[in-house]
Protein chains: 2
Amino acid sequence: MRTAATEKATGGTREDRRTHPAPREPAYVHGYSDHEARRLTDQADTLAALLHAGTAYPAGSRVLEAGCGVGAQTVHLAASSPGAHITAVDISASSLDQARARLAARPHTATVSWRQADLTDLPYADASFDHLFVCFVLEHLPDPAQALAGLRRVLRPGGTVTVIEGDHGSVFFHPDSDHARTVIGHQVRLQAAAGGNALLGRQVQPLLAAAGYEDVVVRPRTVYADTTRPGLVDSFTRNTFIAMVAAVRDDALAAGLTTEADWERGIRDLRRTAEAGGTFHYTFVKATAVNPGG
Amino acid sequence: MRTAATEKATGGTREDRRTHPAPREPAYVHGYSDHEARRLTDQADTLAALLHAGTAYPAGSRVLEAGCGVGAQTVHLAASSPGAHITAVDISASSLDQARARLAARPHTATVSWRQADLTDLPYADASFDHLFVCFVLEHLPDPAQALAGLRRVLRPGGTVTVIEGDHGSVFFHPDSDHARTVIGHQVRLQAAAGGNALLGRQVQPLLAAAGYEDVVVRPRTVYADTTRPGLVDSFTRNTFIAMVAAVRDDALAAGLTTEADWERGIRDLRRTAEAGGTFHYTFVKATAVNPGG
């Protein structure tokens, strides 16, 4: 099956996916000192550290990153597993080009191979990999359980899978606002209409179990930002989460989910959570599991 | 001001407070083996470990636990800070009796003094303590900012405060259910009607800042339970969170918030999150801050 939804889901337009809160570069340059700029960068890196903590593959191990997109996670994989042989797969040639350039800009010693392929129909023999890494991908798939089962085919018995997903139902913030929660709900609904699931994080354990993996261990990774962490407020609350929600404005209006006035009120309230006195929580789910039979 | 709400808030009926998900003993005995019983106990202790991690006071330091209730947290404070001088205050003599008995049942070397007092009008001179510990108390206070400011009076300059609170808006689960979320909303509304705030966790940082504390550091502590952690499912999802919501049934019906049928459906759906394939997330907020001038 190759539809617009799976095209997107398998990485075709990863750069355009504003429907998930993956870490990304700040969207604008701050008028601060070098010291402040470094502090902001450090705090943006905090999010990647939070998500990648505990993920390091042994030298020589064969790692498949399924759905690498533009390489936002690949650079962290390469940094954390300098001796691993990483194969990064995406369906989009242009995304792979960007991923290559992104990795080339960072010093690393890992071996990274790039391959254009559909992760629901991988061109690899059974048991070709020791480890799978799947980050912010399942949320875009119409049948994530089937995808996980298909991925398991290329994983050797005893090999591991690591899954990282967000869940927009995990969001809570101060000041609280029905209007803000409503605009987030519109994003969730639009992603569902596109065949995805912005509430997937809560389902990772049952999905892995249903796909035949064993020893599933799920750990929540909660991001918290308040005025004492201005870099994280900028990089996560404003430039990742709110930007992601704000990006569906036209779709939400076109779908008749909201009016311009209601939309603006919701976004305005959401932005207040990034101002002085505001707080913002988001929980990612990180899971590891094992392919039986090792 | 001494009202039913503050009476409750300051610890008078701590044992009856089913409106907060504090760790508590399992409500029933499992028909499992000793090994399984130990495993369940271990997992129940996991929650206390999650909340108390990082909290240990130096030998000789003067620690005030404000609103100790029946001592559910006091036993962990005493275990983690064996050389500290802990003063545990509660407004209820009967709660203090229970707290004393609870602590006596556990071996410990900490010095614990008990005192019946209203935490909004403490009988201590300024700067009497080096550290304050306030756990699951602010959520019951009509004016938590004022209470924190009042507590700061008895804290020496340079001393620290530790605050732990839940936030029912942090809950998300699988299978998702509007009915389940609605019954949780009833509990939140009833607690608000009683002068409390079940969504207080998100406000801890601005509250501490408003009360004049500095160097506020907030860390989310997220509890996650699924079928791979049966002890935590029992001790937290079923016997803490769901039991707490279920306890307001009669009040919710009396207040006309729901019907028996809707209530039962919501609770039934909530219980499904504790069955095979279900998942449950709850985020506590733990903060530390410093009294300026040290």
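Reader: What rotation superposes chain A on chain B?
Author: This is a predicted model, where local features need pLDDT of at least 70, side-chain atom pairs count only at pLDDT 80 or more, and totals for chains, interfaces and linings use all residues. With a least-squares fit on C-alpha atoms (pLDDT of at least 70 in both copies), the shift along the axis is 0.0 Å and the RMSD is 0.0 Å. That's how a two-fold axis relates copies, and the rotation is 180 degrees.

Reader: Which C-alpha of chain A is nearest the axis?
Author: Residues count from 1 along each chain as written, chains are lettered from A and ligands numbered from 1 in written order, and side-chain values use heavy atoms, without hydrogens or water. The C-alpha in question sits 3.0 Å from the axis, and it belongs to A:Ser170.

Reader: How do the rings of A:Phe236 and A:Tyr282 pair up?
Author: A:Phe236 is in helix H8 (residues 230–246) and A:Tyr282 in strand E8 (residues 279–290), both of chain A, so the pair ties together parts 46 residues apart in sequence. Both residues are buried (under 20% relative accessible area, 1.4 Å probe). Ring centres within 6.5 Å make a pair, and planes under 30 degrees apart are stacked, over 60 edge-to-face, the rest tilted. Here the centres are 5.8 Å apart and the planes at 65 degrees, so the pair is edge-to-face.

Reader: And what's the angle between the planes of A:Phe241 and A:Tyr282?
Author: A:Phe241 is also in helix H8, so its pair with A:Tyr282 in strand E8 bridges 41 residues of sequence. A:Phe241 has a relative accessible area of 0%, and A:Tyr282 has 0% too. Their centres are 5.7 Å apart, and the pair is tilted, at 55 degrees.

Conventions: Phe/Tyr/Trp six-rings, centres within 6.5 Å; stacked < 30°, edge-to-face > 60°. Helix = DSSP H or I, 4+ residues; strand = E, 2+ residues; numbered from the N terminus. Buried < 20%, exposed > 50% of the residue type's maximum accessible area, 1.4 Å probe, protein only.
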